[in-house]
Amino acid sequence: MPQLEILSRRPAGTAKPVPLLFVHGAFCGGWIWDEHFLPWFAEQGWETHAVSLRGHGASEGRDRLNSFGIADYVDDVLNAVDACSAPPVLIGHSMGGMVVQRALTRRRFPGAVLMASAPPHGLLESTMRLAWSDPYVFQQMGMLMTFSNGIEAEAVRRAMFSDQVPLEVAKRYEPLMQEESQRVLLDIGGWIPFPLLPARGVAVAVLGAEKDRLIPKDQVEATARAFRTEPVFFPAMGHSMMLEPGWESVAGHIADWVETTVLKRPAPQRKAPDTQVPDTVTRAAAD
């Protein structure tokens, strides 16, 4: 088992009874959660952890990344779970959402949050739509996969963010982007059929971003249908909701959902953030 990087933040006082474990998406690492989410949730009283899957961030295995499959990433999440003080709520973004979906079939968890997640049926439809709607981003992602030589900052901006995020912000994150396992992308791409694996009897929240170029609205809705819930969409946001302006509204929604659905107690009143953020989310009923 590779040595895994696990980024952790803990509250100053007594932690809430359920920890939170965050799972990143493709081409990045646990760092994507530590920018805002881990410190924010710790300040709210949560024990928080973010795992860098093998071959990502500072975890071992970068030199053999293409040998890893989705099952290996699920094993990484389960190993990170064992490092938590109690069974955590799993929070997965993009590819990490697919990893979380599969982890739910291996063990019982208090709940899960799927943020701009790959749907249970895979990414084939989303990938083909991206190739048609934004061939520049599609080409740049292909270059990153094939040659591992980085991705232009403009492509990072268009793939990860909404148009309200300036290019200078994307330039900060471009050096942190990395190649992804080709085997994993085949596993979740939908090119090779695999069974749908919706968990039963586990509370699952499904979140989407209105301006997401990678996981469009109908794919978020498909995930929600699989888990028999209603998706929640955050207006004016792009794919990387944890880094977008207004990320506090996403974090606050997750915290309130865990309080009311997992811990089954009223959500606490929160102080309005100093920055201007979206104060509403949109719901799309699952068919």
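Student: How many helices and strands does the secondary structure of the protein come to?
Tutor: This is a predicted model. Its secondary structure comes to 11 helices and eight strands.

Student: What share of the residues in the protein is buried?
Tutor: The protein has 287 residues. A residue counts as buried under 20% relative accessible area. Buried residues make up 56%.

Student: How much area does the protein expose, and what share do carbon and sulfur atoms supply?
Tutor: The exposed area is about 12300 Å². The share from carbon and sulfur atoms is 52%.

Student: Which helix gives the largest share of the largest nonpolar core?
Tutor: The largest nonpolar core has 81 residues. W33, F37, F41, M115 and I254 have the most contacts inside it. The largest share of this core is eight residues, and they come from helix α11, residues 247–262.

Student: Which residues does W33 contact, leaving aside neighbours within four places in sequence?
Tutor: W33 is among the core residues with the most contacts inside the core. Leaving aside those neighbours, its contacts are F22, V23, H24, L38, P39, A50, I91, H93, M115 and M242.

Student: Is D76 buried or exposed?
Tutor: D76 sits in helix α3, residues 70–82. Not counting residues up to four places away in sequence, D76 touches M1, L4, V51, L53 and R54. Its relative accessible area is 0%, so D76 is buried.

Student: How many residues of helix α4 are buried?
Tutor: Helix α4 covers residues 95–103. The buried residues are M95, G96, G97, M98, V99, V100, Q101, R102 and A103. That makes the helix mostly covered, with the buried count at nine of nine.

Student: In what sense does strand β5 pair with β6?
Tutor: Strand β5 spans residues 111–115. G111 has A203 in β6 as its bridge partner. The two strands pair over five bridges, and the sense is parallel.

Student: Which residue in β7 does L207 stand opposite?
Tutor: β6 also pairs with strand β7, residues 232–234. That pairing is parallel, over three bridges. Opposite L207 stands V232.

Student: Which helix joins β6 and β7 in a β-α-β unit?
Tutor: The unit is right-handed. Strand β6, residues 203–209, is mostly covered, with six of its seven residues buried. Together with β6 and β7, the unit holds residues 217–226, helix α10.

Student: Among contacts between residues at least 6 apart in sequence, what share joins residues at least 24 apart?
Tutor: Contact here means heavy atoms within 4.5 Å. Among those contacts in the protein, the share joining residues at least 24 apart is 72%.

Terms used: Residues numbered from 1 in each chain as written. Predicted model: local features only at pLDDT ≥ 70, side-chain atom pairs only at ≥ 80, totals over all residues. Heavy atoms only, no water. Core = buried A, V, L, I, M, F, W, Y, C linked by side-chain atoms within 4.5 Å. Buried < 20%, exposed > 50% of the residue type's maximum accessible area, 1.4 Å probe, protein only. Helix = DSSP H or I, 4+ residues; strand = E, 2+ residues; numbered from the N terminus. Pairing = 2+ DSSP bridges. Right-handed = clockwise from strand over helix to strand, strands pointing away. Areas by Shrake-Rupley, 256 points an atom, 1.4 Å probe, with all protein chains shown as cover.
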